[in-house]
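Here are a few exercises to help you find your way around a new structure. Have a look at it first, then try each task before you read its solution.

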Amino acid sequence: MKKILVVLVLLCSIPLCKAQLVDRLEPIFAREEVATAQVSVSVRAKDGSVIFERQPKILLMPASTLKLVTTLSALDILGAEHQYRTEISYRGQISDDGTLIGDLFVVGSGDPSLGSGEDPLAADIDEVINQVIRLVRAENITAIQGKIVLDDTIFDGEAVHPGWPWDDLCNYYAAGSWGINFHENRYQVVFSRSSKTDIQTTINSIVPLFPGASHHNMICTGPLGSGDNAYIYGDPYAAERSIRGTIPPGRGAFEIEGAVPDGPMFFGSLLEQALAREGISVTGVVRGNSSTHSYQSLGSLSSPRLLDLVSFANHESDNLYCDAFLKSVGAMAEGQGSWESGVRAIRDHINSLDVMSSGLRQVDGSGLSSRNRLSPDFMTSFLVRQLRSHGTQTLQYIIPEVGSDGTVKRFMEEREGQDYYWLKSGSINSVVAYAGLLVLSQEEPIVVSIVANGHSVSNRVMRNHLADILEEIYQELK
């Protein structure tokens with residue numbers, strides 16, 4: 001249980017804190033590894049007043065701290081209780097022997113949690129398939145003299161963002177966002193390996209198997225303790241891939257995860273196979289648009305509420321969830337979700353909050369693209385408005401607790417301030433960022449954004465410098 005301290009405002013006025021923080025932080029900013037990088041900081045009180053800032057208006061790559069902008073905007077626009085619903089329906093007639101003379105429709109809503117293998121509140125892959133089978137059985141359908149028609153038109157066809165790095169595209173963290181997503185559009189490649197180094201591996205299995213899957217395996221065992229250095233390469237929309245790099249030597253199987261080339265067809269293929277195992281034949285799987293037909297609903301599959309999805313997305317830094325949120329707000333605003341419509345919807349929402357959107361250049365929902373830009377001044381202004389709208393407890397539910405949760409579980413170790421921060425982290429090549437709350441008092445939390453770009457040292461080393469900065473901020477304000 002965290003200690004709850006009272007901010008002694010009368011003893012430490014904002015101007016005094018500013019001066020003292022400058023004195024505390026200057027030695028850290030003077031370190032060569034920090035001085036040669038671009039490090040920007042903004043710290044604000046709940047009322048929006050500036051406590052400390054350093055080059056706060058510079059637009060920098062935010063990496064995954066951008067997820068706070070996407071998720072909190074989606075929460076505002078769609079509502080905390082919003083649930084995605086995947087509709088299951090049919091077109092045609094059911095004969096006396098139970099044969100559906102027509103098609104089975106799956107109408108997607110962009111739900112990123114459908115069949116998730118990671119989100120504990122979402123139905124997993126088997127639960128989702130079984131739910132569909134139960135809906136089909138409830139209508140006494142014993143055969144389908146037609147096809148499974150997948151309607152994913154809620155989102156456009158550009159599932160993978162054109163600004164994502166090429167060497168990320170076939171790996172799980174760059175899974176595309178479709179109108180029908182399934183199992184987070186991920187699959188596992190299972191290797192057999194040797195306990196010796198520099199030995200060629202073999203692929204045991206692809207699970208779940210997606211249509212047309214073909215992998216050219218060039219993975220060998222690396223040095224002891226080398227970890228997972230295997231990457232999947234290829235056209236993100238094609239089933240043929242190559243796998244290069246190394247995995248650690250050892251006994252037993254070793255798994256890596258990739259991104260499927262087609263989320264809707266991935267789901268359709270697995271559903272067709274499951275129906276066949278139940279003795280319900282289908283003549284194939286195709287894409288289609290249900291709006292051009294009249295059909296009979298069998299039921300729907302519902303996601304957890306958006307508030308819980310948003311919390312999961314930030315704690316696990318899940319790219320697919322956040323990209324789906326972006327497209328979902330675009331679909332609400334303009335009728336179809338796309339990168340562009342989502343960005344416009346979030347920008348319009350930010351403008352409605354009277355936050356200067358000039359401090360944000362957003363192109364995706366996850367922060368994976370290096371084209372994203374954000375200023376710490378914008379982030380703290382945005383978070384101040386979110387505190388007013390949602391309150392401290394809701395933001396503490398949404399943002400990972402340092403020392404306990406997600407990607408910040410080991411951040412700020414052996415520092416007193418670790419117990420008082422809730423932060424979303426961001427990290428890509430030569431980018432480290434943190435944004436969130438310093439909670440010394442539930443009534444008067446402090447918002448913080450710190451971003452480092454262009455450093456010549458490893459991200460691990462830069463994290464330690466940023467941890468020192470955050471610790472000094474805590475020490476001064478406690």
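The exercises below go through parts of this predicted model one at a time.

**Exercise 1. Check the length of helix α3 (residues 66-78) against what its residues should span.**

Solution. Start with the count: α3 has 13 residues. At 1.5 Å a residue, with the expected span being 1.5 Å times one less than the number of residues, the helix should cover 18 Å. Now look at the model: the end C-alpha atoms of α3 are 18 Å apart, so the two agree.

**Exercise 2. Work out how well covered α3 is, and see what comes right after it.**

Solution. Go along the helix and pick out the buried residues, using the cut-off of under 20% relative accessible area. You should end up with Leu66, Lys67, Leu68, Val69, Thr70, Thr71, Leu72, Ser73, Ala74, Leu75 and Leu78. That's 11 of 13, and α3 is mostly covered. Step just past the end of the helix and you meet glycine 79, which has a positive phi of about 100°.

**Exercise 3. Describe how α3 and α6 pack, and name the residues that make the contact.**

Solution. Two packed helices are described by the angle between their axes and the distance between the axes. For α3 and α6 the angle is about 180° and the axes are 10 Å apart. An angle over 145 degrees counts as roughly antiparallel, so that is the word for α3 and α6. On the α3 side, the contact is made by Lys67, Leu68, Thr71, Ala74, Leu75 and Leu78. On the α6 side, Leu306, Leu307, Val310, Ala313 and Asn314 take part.

**Exercise 4. Do the same for helix α6 (residues 306-316) and helix α7 (residues 319-334).**

Solution. The axes come within 8 Å and cross at roughly 135°. That angle makes α6 oblique to α7. As for handedness, α6 passes α7 in a left-handed crossing. The α6 residues in this contact are Leu306, Leu309, Val310, Phe312 and Ala313, and they meet Tyr321, Cys322 and Phe325 of α7.

**Exercise 5. Find out what surrounds threonine 392.**

Solution. First place the residue: threonine 392 sits in helix α9 (residues 376-398). Its relative accessible area is 7%, so it counts as buried. Next, follow the side chain of threonine 392, which reaches the backbone oxygen of glutamine 442 at 2.9 Å. Finally, leaving aside neighbours within four places in sequence, threonine 392 is in contact with Leu387, Leu437, Val439, Gln442 and Pro445.

**Exercise 6. Look at the backbone in two loops, starting between β6 (148-151) and β7 (186-192).**

Solution. In the β6–β7 loop, find glutamate 184. Though not a glycine, glutamate 184 has a positive phi of about 55°. Asparagine 185 is in the loop between β6 and β7 too, and its phi is positive at about 55°, although asparagine 185 isn't a glycine either. Buried or exposed? Glutamate 184 has a relative accessible area of 2%, so it is buried; asparagine 185, at 0%, is buried as well. Now move to the loop between β8 (202-207) and β9 (214-221), where proline 208 lies. The peptide bond from valine 207 to proline 208 is cis, with omega near -15°.

**Exercise 7. Decide whether alanine 276 is buried or exposed.**

Solution. Alanine 276 belongs to helix α5 (residues 263-277). With 52% relative accessibility, alanine 276 counts as exposed, because the cut-off is over 50%.

Technical notes
Residues numbered from 1 in each chain as written. Predicted model: local features only at pLDDT ≥ 70, side-chain atom pairs only at ≥ 80, totals over all residues. Heavy atoms only, no water. Helix = DSSP H or I, 4+ residues; strand = E, 2+ residues; numbered from the N terminus. Buried < 20%, exposed > 50% of the residue type's maximum accessible area, 1.4 Å probe, protein only. Polar contact = N/O pair within 3.5 Å; in protein donor to acceptor, adjacent residues only side chain to side chain. Contact = heavy atoms within 4.5 Å. Axes fitted to C-alpha atoms, helices over the stretch in contact; angles between N-to-C directions. Parallel < 35°, antiparallel > 145°, perpendicular 65-115°, else oblique. Left-handed = near helix turned anticlockwise from the far one by under 90°.
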